[in-house]
Amino acid sequence: MALLLASALLIPAVAALPGSAAQSLAPVREVRGPSAAAFAPRGAFAFVSTFEDLQADGWRALEGSFTVQNRPSYAGEPSLVSSAGDHPQLDLATRGIVVGQPFLSIQGEIHTGPGASGFIGLGASGAPVLLIGVGGGQIWAGPGVTHLSDLGPVPRGTAQPPGWTYVTANVYRVNGANSTAAKWRMDVFVDQTAFPATVGLSVPAAGRYTEALILTTAGQVAYTDYILTTYEIAEALNDQFAPNPSDGYGQGSGVLVTLLPHFDTLSGTIRLANWNVPRTGILSVQINAMNPGGADYATCHGFFQLGVDLDPNGHIAPWYVPKACNPFYFQESQIGVVSSGFPSPPGTVLTLTIERVPALQEIVFTLIDHNVSAPDARWTATIPYTGPAFVAAYTQIEWQSSSKVPVSRYFFNGSFANLRITGGNLSVPVRLGPEYMIPFAVGVPPSWNFFYYERSVGGYAQVG
């Protein structure tokens, strides 16, 4: 449960998840991105394309045509299906994309048919300036179709659904701020973020990007979960920061595209289908709510957490963070003591709620386990609080790098749902949608996958 700073993302050593009130909450609006926000850093943006509604999500065909359909399906998510005939099939999107940014993250899921090859990337006036893709059983990346580097074979035995390959990259400017002196590089990850497939790959024209791009050069290819953003999605483990492996969705702790409207309560539901871990205090899930200070900076002030450790023999140990990023186990009497928890059967459902109560000048943490009986069914703690409303939220699952057991020996199968915010400036509850809930993946091994964020359930599946 040690404090950990990963690329400006503050991560105490416990895994992340949503909290939710179990009751139905009348009308629910949805946060869909900067238009719903109170604040956005200069130039920050997130273009998120999941095709959940079977719509084109802002994509248009420049060459050939595409369809959006239910198959091939990425774990239930629809996809954009493209076929190249005598000529490549090219699609572009510009909605909400801000040009001229010095750092970008890009990700996508790619499914290639026999003899097919396809790429996600960036374009400038209809021409590729950056491509990452799959073809001939290999991973390819580079500045254009005639300048591609072979990054090796498509990985086998990963947690991705059969036939799908997950690619993500960080694209960044180096050696000068002006267009004549600047050089552009790309670090690419495939089916994991524990280590990059390549670092510093030259993409000299990437800084001229004006659009998101999907390019099919042969056969039939399906694409989904395309995200282009100024928010850093992937981070490898490294000796300088030594972050614990973790992943999740949302924003805050200094990594922002937008702030949420002021709210008082963050809630969500977690289903713990099954888990197996080597020892106590190694794997955990949590939800995080932040006030303006905690949202804008990687700091332990204005940063509030609620979660559970997933322990051996079907045990879970609930905890919260009252201050200074130090977790406090509900069953213990002092900070620093790790609880062994209590038995909770596979398939258990938890609801988690972090609530600011301005009238009482306090924050209340509540965790309910719906599959056990008293005294373990409900856990509540209250801390004094006179600060401002919350403006940011994210979820997280995390495993400890201090464990001597390889991460591939860990296992967790679960799902998170009903992530929503209430109170504050909100007249009705607001569901957190995928445009706000941007993914982050720190040192995620090939055996873990957090799938995609589903608008319809306000959550996502996690397996590893």
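Me: Which strand is G123 found in?

Reply: Heads-up before we start: this is a predicted model, so local features need pLDDT (the predictor's confidence in each residue, from 0 to 100) of at least 70, side-chain atom pairs count only at pLDDT 80 or more, and totals for chains, interfaces and linings use all residues. Residues are numbered from 1 along each chain as its sequence is written, and side-chain values use heavy atoms, leaving out hydrogens and water. Strands (E, at least two residues) and helices (H or I, at least four) are DSSP runs, numbered from the N terminus. G123 sits in the run covering residues 117–124, which is strand β10.

Me: Is G123 buried or exposed?

Reply: Buried means under 20% relative accessible area, exposed means over 50%, and partly exposed is in between (1.4 Å probe, protein chains only). G123 has 0% relative accessibility, so it counts as buried.

Me: How far apart in space are G123 and A212, C-alpha to C-alpha?

Reply: In sequence, G123 and A212 are 89 residues apart. G123 is also in contact (heavy atoms within 4.5 Å) with Y209, T210, E211 and L213, among others beyond four places in sequence. From C-alpha to C-alpha, the gap between G123 and A212 is 6.1 Å.

Me: What share of the contacts with a separation of 6 or more comes from residues 24 or more positions apart?

Reply: Let's zoom out to the whole protein, which has one helix and 33 strands. Of its 464 residues, 58% are buried. Among contacts with a separation of 6 or more, the share from residues 24 or more positions apart is 72%.

Me: How many residues of strand β15 are buried?

Reply: Strand β15 covers residues 183–190 and is mostly covered. Out of its eight residues, the buried ones number six.

Me: Which residue in β15 is the bridge partner of V167?

Reply: Two strands pair if DSSP finds at least two bridges between them. Strand β14 (residues 164–174) and β15 run antiparallel and are joined by eight bridges. The partner of V167 in β15 is V190.

Me: Which residue in β16 does M186 stand opposite?

Reply: Strand β16 (residues 198–202) is joined to β15 by three bridges, and the two run antiparallel. Opposite M186, in β16, stands L201.

Me: How many residues apart in sequence are the parts that D264 and R356 tie together?

Reply: The side chains of D264 and R356 meet in a salt bridge (a side-chain nitrogen of Lys or Arg within 4 Å of a carboxyl oxygen of Asp or Glu), at 2.5 Å from N to O. D264 lies in the loop between β19 and β20 and R356 in strand β26, so the pair ties together distant stretches. D264 is buried at 12% relative accessible area, and R356 is buried too, at 16%. In sequence, the separation of the parts they tie is 92 residues.

Me: Which residue meets R455 in a salt bridge?

Reply: A search of the whole structure finds two salt bridges. In this one, the N to O distance is 2.8 Å. The partner of R455 is E435.

Me: Where does pLDDT stay under 50, with 134 contacts beyond four places in sequence?

Reply: The protein averages a pLDDT of 88, and 88% of the residues score at least 70. Where pLDDT is low, the predicted coordinates should not be read in detail. One such stretch under 50, with 14 contacts beyond four places, is residues 32–39. The one with 134 such contacts is residues 1–27.
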